[in-house]
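Ready for a few warm-up exercises at the bench? Have a look at the sequence and the structure, and keep a pencil to hand.

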Amino acid sequence: MFVQELVLRQRTEILNALCSSGSAEHLEQVLDILLSQGELTWEDYQNIQVSGRALHCNARKLLDLVYIKGEDTCGLFFAAFKRVLPDAKGVGTSSSGCSSTLEEKEEHQSTCTETLLTQRPSLVEKLRGCIDGALEDLVTSGHFTSADCCEVQLPIHTPCQQARRLLDHVRSKGESAAKVVLQFIQHKQEPVSPLSQEKLTPPKEVLKYQKKLSSSISAQSCFLSTYGGTSHMSLDDIYTDGQLELAHNCVDVNGPLGLEDIVGAVGTVNKEADTVLVSGEAGGGKSTLLQRLHLLWARGAALQDFLLLFPFSCRRLNSEQRELSLQELLFQHCCWPDRQQEEIFQFILDHPHLILFTFDGLDELKQSFSDEHRLCCPTQRAPVHILLFNLIQGSLMKGVRKVVTSRPEAVGPLFKKHLCKEVLLKGFSPSGIDCFVRKHHSDAHVAAKVLESLRTNTALLGLCHSPVLCWIVSQCHKELLGCGEGSLQTITDVYLMILQHFFQHQSSLKNTTGLCWLQQHLQTVLHLGKLAFDGIGATCYIFSGTDLETCGVTEKDICMGFLMQSKDISTHAEGYEFLHLTMQCFFAALYIVLSDNTDRSTIPKLFETQKIKEAGQSSRCFIACLPSTDQPQRPSGGETTAAETPNRQITATFVSGLLSQRHRNLWLHCCPSAVMEKRVRQVVKCLSKGMQKHFKSIPQPVEGEKKSMHAMPGFVWLIKCIYEMQEDRVAKDAMSKLEVDHLKLTYCNIGPVECTALAYVLQHLRNPVGLQLDNNSVGDVGVEQLLPCMHICNSLYLRNNNITDEGIRKLLAKTIQCEHFKKIALFNNNLTDACTQHFSRLLKIKQNFVSLRLGNNNLTEKGAKQLAEGLKCNHSLEYLGLWGNKIGDAGAEALATALENSKTLVWLSLVDNGVGSAGACALSNIIKNCTSLEDLWLTENHITRSGVESLIQAMQHNTHVKSVWLRNNDLSLEEVEEMKQRESRLIF
Ligand code: ADP
């Protein structure tokens, strides 16, 4: 097909690829290339790039023009398109003639103006980080006026767009202006850091302000707030690194991410955006991580590319009722400059790349993210959330780096569009737990004892991956050591432990009443419970004196330590907040369970399953839970926050746990048992109904395929609620209605805690299932948690889950005894040769095992030899995948010897394993002797002609083999052609 025709046929796909992100960047990059190639004239460009016209219209204009210009221009258009969007699907084809190549034009053109055109793509790239400097030179040389500069630097432009506007302006100013720009670029130093790049000495007042700002940040961040109620713990003493991961797979990242990588360029997926999202569960350590970054910056120990750092807490921004300008927001909420506010603010505006903003807890903001109200003017006043949203989008102060933290459920695609990257904070690693406990207990003896007791209770150890639970467990170590093995299992157990701990340690009252601890403190629980419950309904996390009074919270209640004084630097008003958001949810749950003031619909509304929606459409359930007289003021416009659903879910999980049979003795004298029974029945019914709703959504299988269920949002949460209840009959009942062959829970944020709950519930399934948990954070601890449900598992998919040899050892020790267990996929974990002895044993013993996939791990020749030992004695394996290991020729030879007489092997992959011709010759024996083999994958190895000859010979005697894949081996084009002729089943 001619390329000109392709431009017509693929018009929709091309337009989509160029415009779907909403940013003009892709289109402008294509235009840059076509201009530089001389395929578009300057007039063409101006006709296409009409500012103010919709992006789609400009893109259509380009396609029209390219089409009119004919075959050659269309070819170059496709080449430019592919350079800009190499991964775009459905655009261009290999045979389309898109092979037109883009010429690199000579650097030395006859005039500077021409050079600006022919070098345009690279000039944009070079100028984007130093627009200020180029403008300064143009102004000094008299070519630009300040109005020209303003036009170039309009805050709605991205840095690349500013660079293009600068080039466009320069063109209109003539040859000598073009010369100034080229000279500027030539002299530009290689950038080291923004500060040194500009050899900038900030004005004295700015430096003074920086000093004041950093000392205030240092003072605010040196202690950890959860310890406020009990003792002061310095962040330096207790801070333990959490696990950081990029949300998107990224090739250029080796090893774990460090703190500074959050702000750095690594893993950037959208260069035009300046906002980084750190997402993680409640209690996962997001605020603490920001606190650490703040402290390190304030001390000059990190992030020194930034001259000023402005930390914001969305929780505190909620209480800002006034409309503010950006200047007021910065100075009133972070640090007030003693003098020359205007100059300092101007410096901030002029040097966005030297400024860092952090916004903690976007999920706690009353308003959900929206990009409806655009604001570009830094002096215009607006409600704080509008300022915040415009900063995040970059319409205000483009170029300032922003780090935002949030729970994952609370941010939608609309927000994610403005992110340069997302980093996941996944709590503590096993060694992190160890480290934290040792830091928490100065007495090494106690630390060792706590760790020992954690090791004997793996459910509890799983919970400790969440830093807030690790903190609670360490805080209550006496209770922990005092209770019997395994008695603490659920999150509710852990929170009840801290409740008891605080009551018994903070209260000066001696219990002479004979009442149990809860009875004795029931009033406090109810007061704080009401405060928490109302607060969650109203997205309120900081409470005023009036709020406390309304709920009857007394001085004595405050002294118990669950509330801490809020450091509201904006209003200086005294406020209180719960030690942690999860603690507020726990008290709300206590209120729901114990109070006689909630109405009958509270529990059903709490358990409603619904998807989280963006911008003012999310549920209003909590409000509806409250008796109408108690309903607090909603944020204006009826907007609700995306935080509501996660908070409601955490609260519901606690309600399930508190109503568990195991805890009912505790409530005995606090609430009439008939009321309690009724609430239990309500919860059980809600869980059962919620589950059924999920099961109903399972589609009927296509003929010949298995019935499969892909977990919808909320499924894992319901499973966790059932686990909290710890009542077998509830789990059994839920699972009795689930009839699927395959349960898919990929990308569901499943860590060790979720694994415990899943295993508890799934073990009651009636028929064996395939369990697909790819792309989660199961880890070795999670694997151990899954063991109780392995007997109902016929296949287990754990690709990309951070599992090591130790996890495999435990898993296989169990599954070897499970009759149904037949398939395992462990692509992309941390496995080495040390795990192969366990697989070998499994293969020897389980003569119904069918599929073993170990791709992209670290297996070598030694591992392959171990596996071969097991394979020799196995008579059932059909699929063996070892793609992306390093088994080499010797490994391939060992496998070949073990498999050559197999009667079951259907598929073998040794792609990318450093196999040469010796290995291929050995593998020929499998083809010769094994009559079941259908596909052999040897792509990306070092096989030469002699190896392929041997494969061809073997294939002459075998009609079963369908294909042998040999792409990317050491063969010349002629050899490939010749061999293709000789054996059509060879695929090159
Ligand atoms: P999030 O903001 O994700 O809800 P927080 O940062 O408030 O979580 O963490 C809750 C508690 O867990 C903290 O108050 C602290 O006690 C503990 N914690 C969290 N992260 C760390 C860490 N990196 N090192 C030490 N303790 C931590």
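Below are six exercises, each followed by a worked solution.

Please keep in mind throughout that this is a predicted model.

**Exercise 1. The overall picture**

Find how many helices and strands the protein has, and what share of its residues is buried.

Solution. Start with the secondary structure: it comes to 48 helices and 21 strands. Next, take burial: of the 988 residues, 57% count as buried. Finally, look at the contacts with a separation of 6 or more: 77% of them are between residues 24 or more positions apart.

**Exercise 2. A six-stranded sheet**

Work out the strand order of the open sheet that contains β1, and name its edge strands.

Solution. Step one is the order, which reads β1-β8-β2-β7-β5-β3, with mixed pairing. Step two is the edges: β1 and β3 (308-313) each pair on one side only. Step three is the twist, which averages 20 degrees from one strand to the next.

Now see where the mixed pairing shows up. β1 (residues 244-246) and β8 run antiparallel and are joined by three bridges; here E245 has L424 of β8 as its bridge partner. β2 (residues 275-279) and β8, by contrast, run parallel, with five bridges between them, and L277 is matched with E422 of β8. On to β7: five bridges link it to β2, again in the parallel sense, and V278 stands opposite T405 of β7.

Last step: is β8 enclosed or open to the surroundings? Seven of the seven residues of β8 (residues 419-425) are buried, so this strand is largely enclosed by the rest of the structure.

**Exercise 3. A strand covered on both faces**

Decide which residues of β10 lie on each of its faces, and find its pairing with β9.

Solution. Sort the residues of β10 (residues 575-578) by side: G575 and E577 are on one, Y576 and F578 on the other. All of these are buried, and both faces of β10 are thus covered. Then turn to the neighbour: β9 (residues 563-566) pairs with β10 in the antiparallel sense over four bridges. One of the pairs to look for is Q565 with its bridge partner Y576 in β10.

**Exercise 4. Helix α47 and its neighbours**

Check the length of α47 against expectation, then describe how α47 lies against α48.

Solution. First, the length. Helix α47 (residues 945-956) has twelve residues, and at 1.5 Å a residue these should span 16 Å. The end C-alpha atoms are 17 Å apart, which agrees.

Second, the burial. In α47, the buried residues are G947, V948, S950, L951, I952, A954 and M955. They pack against α46 (917-929), β19 (935-937), β20 (963-965), α48 (973-982) and β21 (986-987).

Third, the geometry. The axes of α47 and α48 come within 11 Å and cross at roughly 5 degrees. Angles under 35 degrees count as roughly parallel, so α47 is roughly parallel to α48.

Fourth, the contact. On the α47 side it is made by R945, V948, E949 and I952, and on the α48 side by E975, E978, M979 and R982. Sorted by character, these residues divide into three nonpolar, no polar and five charged.

**Exercise 5. Positive phi without glycine**

Find where M397 and N800 sit, and classify each as buried, partly exposed or exposed.

Solution. Take M397 first. M397 is not a glycine, yet its phi is positive, at about 55 degrees. M397 belongs to the loop between α20 (384-393) and β7 (401-406). Its relative accessibility is 7%, so M397 counts as buried.

Now N800. This residue, also not a glycine, has a positive phi of about 55 degrees. N800 lies in the loop between β14 (793-797) and α42 (805-815). With a relative accessible area of 28%, N800 is partly exposed.

**Exercise 6. Contacts across the sequence**

Which residues does L666 touch, leaving out those up to four places away in sequence?

Solution. Locate L666 in helix α36 (residues 664-667). Then check its burial: the cut-off for buried is under 20% relative accessible area, and L666, at 18%, is buried. The residues L666 touches are L496, C516, W517 and L518. To finish, compare the two distances for W517: L666 and W517 are 149 residues apart in sequence and 8.9 Å apart in space, C-alpha to C-alpha.

Notes: Residues numbered from 1 in each chain as written. Predicted model: local features only at pLDDT ≥ 70, side-chain atom pairs only at ≥ 80, totals over all residues. Heavy atoms only, no water. Helix = DSSP H or I, 4+ residues; strand = E, 2+ residues; numbered from the N terminus. Expected span 1.5 Å × (residues − 1). Buried < 20%, exposed > 50% of the residue type's maximum accessible area, 1.4 Å probe, protein only. Contact = heavy atoms within 4.5 Å. Axes fitted to C-alpha atoms, helices over the stretch in contact; angles between N-to-C directions. Parallel < 35°, antiparallel > 145°, perpendicular 65-115°, else oblique. Nonpolar A, V, L, I, M, F, W, Y, C, P; charged D, E, K, R; others polar. Pairing = 2+ DSSP bridges.
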